[in-house]
Amino acid sequence: MKRNILIVAAAATFLLPSLALASDNVGGCGWGSKLFDGQKGVPPQVLAATTNGSSGNQTFGISSGTSGCTQNGVVNSEWKTAAFIDANMNRLALDMSRGQGESLNSLGSLIGVSPADQVAFNSTLQSNFTQVFSSSTTSSTDVAAGLKNVLAADEQLAKYSANV
């Protein structure tokens, strides 16, 4: 029994940091992301993250600019935006279609839209509503991707697309 607890503790010591290093749910950069590139599902993600974390190659890749890693990367917390969109899909769709509303303002605030750009943000999303909410069965992931694309295509708002 003590041996099993020790094995679980040792596995957690190696696995949890490696999972924390995973970027975009798929190992980010490093050997793991190269080995499991293009594969979907939990097993390839866990294996990519474990490969990167347990061997330290992702840290080395970031430090040296190798293994598909860059040294000028920005740490983003995309999960907050995804969670917000997921929890507020209906209200966000309504506000976006009207070009105003609390959920639209909150989304803007969450991704760092300055008060000076909020009106442009609201009107741009209203006029591109069908690119963000392409159907009645659009997922929160699709909404985030559409939002990112619409913002990236707008000269004034492109700087916010990286925050989605």
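Reader: Read along the sequence, what pattern does the protein chain follow?
Author: Bear in mind that this is a predicted model. The secondary structure of the chain comes to 10 helices and 0 strands. Read from start to end, then, the pattern is α-α-α-α-α-α-α-α-α-α.

Reader: What share of the protein chain's residues count as buried?
Author: The cut-off here is a relative accessible area under 20%. The chain has 164 residues, and the share of them that count as buried is 33%.

Reader: And of the contacts between residues at least 6 apart in sequence, what share join residues at least 24 apart?
Author: Take the contacts in the protein chain between residues at least 6 apart in sequence as the pool. The share of that pool joining residues at least 24 apart is 49%.

Reader: On to helix packing. How are H6 and H7 oriented to each other?
Author: The axes of H6 and H7 come within 7 Å and cross at roughly 100 degrees. Angles of 65 to 115 degrees fall in one class, and that makes H6, relative to H7, roughly perpendicular.

Reader: How do the residues of the contact of H6 with H7 divide by class?
Author: On the H6 side you'll find Arg 91, Leu 92, Asp 95 and Met 96, and they meet Glu 102, Ser 103, Leu 104 and Leu 107 in H7. By class, that contact divides into 4 nonpolar, 1 polar and 3 charged.

Reader: Which residues of helix H6 are buried, and which residue follows the helix?
Author: H6 covers residues 89–98, and its buried residues are Met 89, Leu 92, Ala 93, Asp 95 and Met 96. Leu 92, Asp 95 and Met 96 also turn up in the contact with H7. After H6 comes a residue with a positive phi, near 80 degrees: Gly 99.

Reader: What about H7 and H8, how are they oriented to each other?
Author: H7 spans residues 102–110 and H8 spans 118–127; they pack at about 120 degrees, with axes 10 Å apart. H7 passes H8 in a right-handed crossing. An angle of about 120 degrees lies outside the 65 to 115 range for roughly perpendicular and isn't over 145 either, so the pair counts as oblique.

Reader: How many charged residues does the contact of H7 with H8 have?
Author: From H7 come Leu 104, Asn 105, Leu 107, Gly 108 and Ser 109, which meet Gln 118, Phe 121, Asn 122 and Leu 125 in H8. By class there are 4 nonpolar and 5 polar residues, and the charged ones number none.

Reader: Which helices do the buried residues of H8 pack against?
Author: The buried set in H8 is Gln 118, Ala 120, Phe 121, Asn 122, Thr 124 and Leu 125. Among them, Gln 118, Phe 121, Asn 122 and Leu 125 also meet H7. As a group, the buried residues of H8 pack against H6, H7, H9 and H10.

Reader: Is Val 132 buried or exposed?
Author: Val 132 sits in helix H9, residues 129–132. Apart from residues up to four places away in sequence, Val 132 touches Met 96, Leu 125, Thr 138, Asp 142, Val 143, Gly 146, Leu 147 and Val 150. Met 96 is 36 residues away along the chain, with a C-alpha separation of 9.3 Å. At 1% relative accessibility, Val 132 counts as buried.

Reader: Which residues is Thr 81 in contact with, leaving aside its neighbours within four places in sequence?
Author: Thr 81 lies in helix H5, residues 78–87. At 2% relative accessibility, this threonine counts as buried. Its contacts beyond those neighbours are Leu 107, Leu 110, Ile 111, Asn 163 and Val 164.

Reader: How far apart in space are Ala 49 and Gly 30?
Author: Ala 49 belongs to helix H3, residues 42–55, and at 2% relative accessibility it counts as buried. Gly 30 is 19 residues away in sequence, and C-alpha to C-alpha the two are apart by 9.1 Å.

Reader: Where does Asp 154 lie, and how far is it from Phe 121 in space?
Author: Asp 154 lies in the segment after H10. With a relative accessible area of 22%, Asp 154 is partly exposed. Asp 154 and Phe 121 are 33 residues apart in sequence, and their C-alpha atoms are apart by 9.5 Å.

Reader: Last one: what kind of aromatic pair do Phe 129 and Phe 133 form?
Author: The structure holds 1 aromatic pair, and the rings of Phe 129 and Phe 133 are 5.3 Å apart, centre to centre. Phe 129 is partly exposed at 22%, while Phe 133 counts as buried at 10%. The planes are 20 degrees apart, under the 30 degrees cut-off, so the pair is stacked.

Note on methods: Residues numbered from 1 in each chain as written. Predicted model: local features only at pLDDT ≥ 70, side-chain atom pairs only at ≥ 80, totals over all residues. Heavy atoms only, no water. Phe/Tyr/Trp six-rings, centres within 6.5 Å; stacked < 30°, edge-to-face > 60°. Buried < 20%, exposed > 50% of the residue type's maximum accessible area, 1.4 Å probe, protein only. Axes fitted to C-alpha atoms, helices over the stretch in contact; angles between N-to-C directions. Helix = DSSP H or I, 4+ residues; strand = E, 2+ residues; numbered from the N terminus. Parallel < 35°, antiparallel > 145°, perpendicular 65-115°, else oblique. Left-handed = near helix turned anticlockwise from the far one by under 90°. Contact = heavy atoms within 4.5 Å. Nonpolar A, V, L, I, M, F, W, Y, C, P; charged D, E, K, R; others polar.
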